[in-house]
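This briefing goes through selected strand pairings and one helix packing, grouped by topic.

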Amino acid sequence: MNHALTDRNAPWREQLRASMTPKERSAIKRVNMPVLSPTERIKNMAEVNLGLTPAQAVVEASRCLDCAVPGCVEGCPVSIDIPSFIKNIQKGDIRGAATVLGYASALPAVCGRVCPQEKQCESKCIYNKLKKAPVAIGYLERYAADTARDSVEEPCPHTTPRLGIKVAVAGSGPAGLSFAGDMIKQGFDVTVFEALHEIGGVLKYGIPEFRLPSHVVDAEIQKLANMGVHFEKDTIIGKTLSHEDLIAEGYKGLFVASGAGLPRFMGIPGENLNGVLSSNEYLTRINLMGAGKTECMTPVEKGRRVLVVGGGNTAMDSVRTARRMGADDAIIAYRRGREEMPARAEEIHHAEEEGVRFLTLHNPIEYIGDANGHVCAVRLQKMRLGESDSSGRRSPEPIEGEILEMEVDMVIVSVGVSPNPLIPDSIDGLEVTHRGTLAVDENQRTSLPFLYAGGDIVRGGATVILAMGDGRRAAASMALALMAESEP
């Protein structure tokens, strides 16, 4: 680690702190992210957030008080040295800022776009106690990563000499990529096996271009490839290659990061009608398989009046995609209230700007089909909020006799996902929870030696950054165990 970039007591850091008083810093208003206009963006898949200008980034970085005990680091699941990368931005050292990010994160340009900073690092910013807007950590992370990639020679994270120990990764989503990045830095030979025809997992098939452009993901993956990570596409661990095959080929450890790609439905009448599909299928066809592009043959439903069921980020991605695919009326139906929606506030705001309607406290109970077996209407049960459930949210309760029937010509169900059962079912002795997720300890170890797991296959559906945190913990634990085993 380059201590000149991270040492809080370095002369350059002390000079920056002395250049403004805390009162002067706190008087600066938080930056607003430049965005495409709603009327323009619903016509295409272009990225909505345009990124900060250099001047905006420097001013926002100057707001950071460089706290002696930074709460923001505590709130980051991968423990980025946030004040250090921000202060490097303030002094104009973008390469230095990117280097600091690279110590802890394999995907800074991704995390700067899709992580819920408002619930993690930014929620721990000291400005919250001062009743002021927190430092825009996510915006600055994106700025540093993008600028280093596009404008300066991007640093390649330091790696140690090769140890000659092979480890495998099942899945190339955020957990798998984070694990691979940390293991390659420590000298292991890493191969990532991906079932699909493109590397990136949920980053590619689950998140639309207008929120996370594919070229950004590709650049992060290429950085790992440059470090020595090997990628194999179209390979399914548990089918194409078994756990025994990996052992026979000399792999000493396996990290399972196969995600939760199995969609859930609600078990209500009419779910088998044409025009009712999962958000997984809908987004995969468009994001990964090019549906809607003139040069691609992939078919996809295109509704004029589209109902999306759910209130999370995937529901917002689906409904906003439907608008871009030509829906005149795109509606979110959510069984709880607006305040209980788990989606990021920014995504909800962008959806509203794009003309999405929100039908909260409504839950579908039946889909109605026409003579051709295609959905033409939905019956929605009106709800109210009762007592809090185990998660702390108030439980939705039906209001007896209050049913709304509404015409629709397409429904996208986004009410959660379940883990892919292929790997759990294919490896004897692997402990599985009642939810179908892999059971792991605090270091992401499963019930089998040198088999670790993380991300949605363990959590059953979570954020990119939490999955990355799992990957980092697994890498640290597996590396220690493998090196101890290899000692004479």
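Two strands are taken to pair if DSSP finds at least two bridges between them. The model discussed here is predicted. On that footing, strand β1 (residues 166–170) and strand β2 run parallel and are joined by five bridges, while strands β10, β11 and β12 make up an open sheet with antiparallel pairing.

**Parallel strands around β2**

- Within the pairing of β1 with β2, Lys166 has Asp189 of β2 as its bridge partner.
- Strand β2 is also joined to strand β3 (residues 230–232), with which it runs parallel, and here three bridges are found; Phe193 has its bridge partner in β3, namely Glu232.
- Buried is used for residues under 20% relative accessible area. Because four of the five residues of β2 (residues 189–193) are buried, this strand is largely enclosed by the rest of the structure.
- The strands β1 and β2, together with helix α11 (residues 174–185), make a β-α-β unit that is right-handed.

**Packing of α11 against α20**

- Helix α11 packs with helix α20 (residues 464–486) at an angle of about 40°, and the two axes are 7 Å apart; the crossing of these helices is right-handed.
- On the α11 side the contact is made by Pro174, Ala175, Ser178, Phe179, Asp182 and Met183, whereas α20 contributes residues including Val464, Met468, Gly471, Arg472, Met478 and Leu482.
- Sorted by class, the contact of α11 with α20 has twelve nonpolar residues, along with two polar and two charged ones.

**The antiparallel sheet β10-β11-β12**

- The open sheet has three strands in the order β10-β11-β12, and its edge strands are β10 (362–369) and β12, each of which pairs on one side only.
- Neighbouring strands of this sheet are turned against each other by 20° on average, with direction ignored.
- Seven bridges connect β10 with β11 in the antiparallel sense, and Ile368 has Ala377 of β11 as its bridge partner.
- Strand β11 (residues 375–388) is joined to strand β12 (residues 394–407) by nine bridges, and these strands run antiparallel; in this pairing Val378 stands opposite Met406 of β12.
- Strands β11 and β12 form a hairpin that has five residues between them, and in the turn Gly392 has a positive phi of about 95°.

Key. Residues numbered from 1 in each chain as written. Predicted model: local features only at pLDDT ≥ 70, side-chain atom pairs only at ≥ 80, totals over all residues. Heavy atoms only, no water. Buried < 20%, exposed > 50% of the residue type's maximum accessible area, 1.4 Å probe, protein only. Helix = DSSP H or I, 4+ residues; strand = E, 2+ residues; numbered from the N terminus. Right-handed = clockwise from strand over helix to strand, strands pointing away. Axes fitted to C-alpha atoms, helices over the stretch in contact; angles between N-to-C directions. Left-handed = near helix turned anticlockwise from the far one by under 90°. Contact = heavy atoms within 4.5 Å. Nonpolar A, V, L, I, M, F, W, Y, C, P; charged D, E, K, R; others polar.
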